[in-house]
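Biologist: I have a structure open and some bench questions about it. Can you take me through its pockets, its packing and its odd backbone spots?

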Amino acid sequence: MKTAESFFKWAFDTRGKTVMALNNGEDITKEKMFLSFCSHDPAFISHGPAGLNASIKGIGFMPKYEYLEETLEAYLKHIDTFDPEDKTYSKRGLELLVKWMYGPEARERIDFTKVGSLEMAKQHSYINYKANPEATLLFYQPPMISYELRGKMEIIDENDSGKREIYQQFINAQHDVYHHPNKSIWLTRPAYVFHIEEVYDNSATRDGFGAKMVYPY
């Protein structure tokens, strides 16, 4: 049985290489950019009061808990400089993502036991996960790469505080550190923290087709 290392190298490194390439001003073809999003936008599978459901959502890895506060602090300092007329905001945000998340020196800071996401609609997924936290995340990159994560979905919203609250702030900040920020709506966007329990290789390869991988590896 092979380890789940190949999934994390694909998911994390693909995203990281794209961020670092953009930061370095490299030209990235539309085709390569679209393919890179396959490691970022899995289908979230849920089952509950809203019925069996699948929804495409962006995900991101996060620092280990002991590094969350200092990383969030760096993000917030940057976000508070936002000026619609400032054309350097996104570039400076990329520099922060490289420094704190995706650069080679940051890899030991990353928590590979969970991924985070944001809920924008509060509809089927949100309703289901509120009642039943069991979840599957399905990744697919044409023509044959596919991975499946199984685990539990934790929802963190405006009713949470203390240790849990930092995740909602962090996931919102990690989104807004590059995109047009709007801190006034953060409390309206619940955070998902998906705790990984199992990893499967669903790729159309000799070692895939639903093969369970050793995790943690």
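Modeller: Start near the end of the chain, with Pro216, which sits in the segment after β8 (211-213). Keep in mind that this is a predicted model.

Biologist: What kind of peptide bond joins Tyr215 and Pro216?

Modeller: Most peptide bonds are trans. The bond between Tyr215 and Pro216 has an omega of about -5°. That bond is cis.

Biologist: Which peptide bond is cis with omega near 5°?

Modeller: Look at the loop between β5 (134-141) and β6 (145-156), where Pro143 is placed. The bond with omega near 5° leads into Pro143 and is cis. It runs from Pro142 to Pro143.

Biologist: Phe209 is not a glycine, so what is its phi?

Modeller: Most residues other than glycine have a negative phi. Phe209 lies in the loop between β7 (191-201) and β8. Its phi is positive, at about 55°.

Biologist: Is Phe209 buried or exposed?

Modeller: The cut-off for exposed is over 50% relative accessible area. Phe209 has 66%, so Phe209 counts as exposed.

Biologist: Where is Lys122 found, and what is its relative accessible area?

Modeller: Lys122 is found in the loop between β4 and α5 (124-131). Lys122 has a positive phi of about 55°, although it is not a glycine. Partly exposed covers the range between the 20% and 50% limits. Lys122 falls there, because its relative accessible area is 33%.

Biologist: How far apart are the C-alpha atoms of Lys122 and Pro190?

Modeller: Along the chain, Lys122 and Pro190 are 68 residues apart. In space, their C-alpha atoms are separated by 8.3 Å.

Biologist: On to the open space. How much space lies in the largest pocket?

Modeller: A probe the size of a water molecule, rolled over the atoms, shows where empty space is left. The lining of the largest pocket has 27 residues. The space in this pocket is about 670 Å³.

Biologist: Which residues lie nearest the centre of the largest pocket?

Modeller: Several elements give two or more residues to the lining, namely α1 (5-23), β3 (60-63), α4 (89-102), β4 (110-118) and α6 (165-176). By class, the lining has 15 nonpolar, nine polar and three charged residues. Nearest the centre are Arg15, His40, Gln174, His175 and His179.

Biologist: What is the volume of the largest cavity?

Modeller: The whole structure was searched for cavities of 30 Å³ or more, and one was found. The largest cavity has a volume of about 40 Å³.

Biologist: Which residues line the largest cavity?

Modeller: Helix α1 and strand β3 each supply at least two of its lining residues. The lining holds four nonpolar, three polar and one charged residues. They are Ala11, Arg15, Ser39, His40, Ile59, Gly60, Phe61 and Tyr102.

Biologist: How does α3 run relative to α4?

Modeller: Two packed helices are described by the angle between their axes and the distance between the axes. Helix α3 (residues 65-79) and α4 have axes that come within 10 Å and cross at roughly 170°. Angles over 145 degrees count as roughly antiparallel. So α3 is, relative to α4, roughly antiparallel.

Biologist: Which residues of α3 and α4 make the contact?

Modeller: By class, this contact has eight nonpolar, three polar and two charged residues. Helix α3 brings Glu70, Thr71, Ala74, Tyr75, His78 and Ile79. From α4 come Tyr89, Arg92, Gly93, Leu96, Leu97, Trp100 and Met101.

Biologist: What does Thr81 contact, leaving aside its neighbours within four places in sequence?

Modeller: Thr81 is found in the loop between α3 and α4. It is partly exposed, with a relative accessible area of 38%. Its C-alpha atom is separated by 28 Å from that of Phe37, 44 residues apart along the chain. The contacts of Thr81 are Tyr89 and Arg92.

Biologist: Is Gly103 buried or exposed?

Modeller: Gly103 has its place in the loop between α4 and β4. Buried means under 20% relative accessible area. Gly103 has 2%, so Gly103 is buried.

Biologist: Which residues does Gly103 touch, not counting residues up to four places away in sequence?

Modeller: Gly103 and Val19 are 84 residues apart in sequence, and their C-alpha atoms are 9.3 Å apart in space. The residues that Gly103 touches are Met20 and Val98.

How values were computed: Residues are numbered from 1 along each chain as its sequence is written. This is a predicted model: local features need pLDDT of at least 70, side-chain atom pairs count only at pLDDT 80 or more; totals for chains, interfaces and linings use all residues. Side-chain values use heavy atoms; hydrogens and water are left out. On a 1 Å grid over the protein atoms alone, a cavity is a set of points where a 1.4 Å probe fits but cannot get out, and a pocket is an open set with protein on both sides within 12 Å along at least five of seven lines; lining residues have an atom within 4 Å of a point. Grid points are joined across faces, edges and corners, and a volume is the space filled by probe spheres set on the points. Helices (H or I, at least four residues) and strands (E, at least two) are DSSP runs, numbered from the N terminus. Ala, Val, Leu, Ile, Met, Phe, Trp, Tyr, Cys and Pro count as nonpolar, Asp, Glu, Lys and Arg as charged, and the others, Gly among them, as polar. Axes are lines fitted to C-alpha atoms, for helices over the stretch in contact, and angles run from 0 to 180 degrees between N-to-C directions. Angles under 35 degrees count as roughly parallel, over 145 as roughly antiparallel, 65 to 115 as roughly perpendicular and the rest as oblique. Contact means heavy atoms within 4.5 Å. Buried means under 20% relative accessible area, exposed over 50%, partly exposed in between (1.4 Å probe, protein chains only).
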